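Colleague: Could you take me through the aromatic rings and the pocket in this one? I'd like a close look rather than a tour.

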Amino acid sequence: MTAAETETRSVVVERDVPFSPEKIWRALTQPHLIAEWLMKNEFKPAVGHRFNLSADWGAVDCEVRAVEPNRRLAYTWDAGELKSVVTWTLAPTNDGTRLRMEQSGFRRDQPRFYGGAKAGWPLYLEKLEQVLAKMD
């Protein structure tokens, strides 16, 4: 394989949101809240925990890779040919939190997956913000 064939791309979505890192962390790690903005799941914030995200179109196999409460969460995102990692980073700001989501590992020969993630993640983050706005 050449370097071009093994080179990967990432999708990054960053937003400043008016919510605390603690509140965002709850929405990223509590299964009933994840189901409201992303997909049905049996998530647990424990390194090594395997879980599925499921929707009408199918399922994604995942494994938790990193858990730093209120700061960083990472898990694999394996959907058939796509083997990637989703990393959430939360940094406090004066007005709330800088929320960063990066999905890394898209090969150059996976334009459909890459395009889907580029279109989909901003929509998921909009739903996440709507869930955060309703939470106590």
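**Rings and the largest pocket**

Modeller: Sure, and keep in mind that this is a predicted model. At 4% relative accessibility, Tyr75 falls under the 20% cut-off, so Tyr75 counts as buried. Phe43 also comes out at 4% relative accessibility, so Phe43 is buried by that cut-off too. As for ring pairs, the count comes to 8 aromatic pairs. One of them joins Phe43 and Tyr75 edge-to-face, with 6.3 Å centre to centre and 65° between the planes. That pair ties together distant parts of the chain, 32 residues apart: Phe43 is in the loop between β2 (40–41) and β3 (50–55), while Tyr75 belongs to strand β5 (residues 72–79).

Elsewhere, ring pairs link Trp37, Trp77, Trp88, Trp121 and Tyr124 into a cluster. Keep Trp77, Trp121 and Tyr124 in mind, since they turn up again among the residues lining the largest pocket. That pocket holds about 290 Å³ of space. Its lining also includes Trp57, Leu82, Gln103, Arg112 and Phe113. The elements giving two or more residues to this lining are β5 and α4 (111–134), and α4 supplies the largest share, 7 residues. By type, the lining residues split into 8 nonpolar, 3 polar and 1 charged.

Arg112 has a ring partner as well: Arg112 lies over the face of Phe113, 4.8 Å from the ring centre. A second arginine does something like that with Tyr114, where Arg9 lies over the ring face at 3.8 Å from the centre.

Methods:
Residues are numbered from 1 along each chain as its sequence is written. This is a predicted model: local features need pLDDT of at least 70, side-chain atom pairs count only at pLDDT 80 or more; totals for chains, interfaces and linings use all residues. Side-chain values use heavy atoms; hydrogens and water are left out. Rings of Phe, Tyr and Trp (its six-membered ring) pair if their centres lie within 6.5 Å; planes under 30 degrees apart count as stacked, over 60 as edge-to-face and the rest as tilted. Helices (H or I, at least four residues) and strands (E, at least two) are DSSP runs, numbered from the N terminus. Buried means under 20% relative accessible area, exposed over 50%, partly exposed in between (1.4 Å probe, protein chains only). A charge sits over a ring if NZ of Lys or CZ of Arg is within 6 Å of the ring centre and within 35 degrees of the ring normal. On a 1 Å grid over the protein atoms alone, a cavity is a set of points where a 1.4 Å probe fits but cannot get out, and a pocket is an open set with protein on both sides within 12 Å along at least five of seven lines; lining residues have an atom within 4 Å of a point. Grid points are joined across faces, edges and corners, and a volume is the space filled by probe spheres set on the points. Ala, Val, Leu, Ile, Met, Phe, Trp, Tyr, Cys and Pro count as nonpolar, Asp, Glu, Lys and Arg as charged, and the others, Gly among them, as polar.
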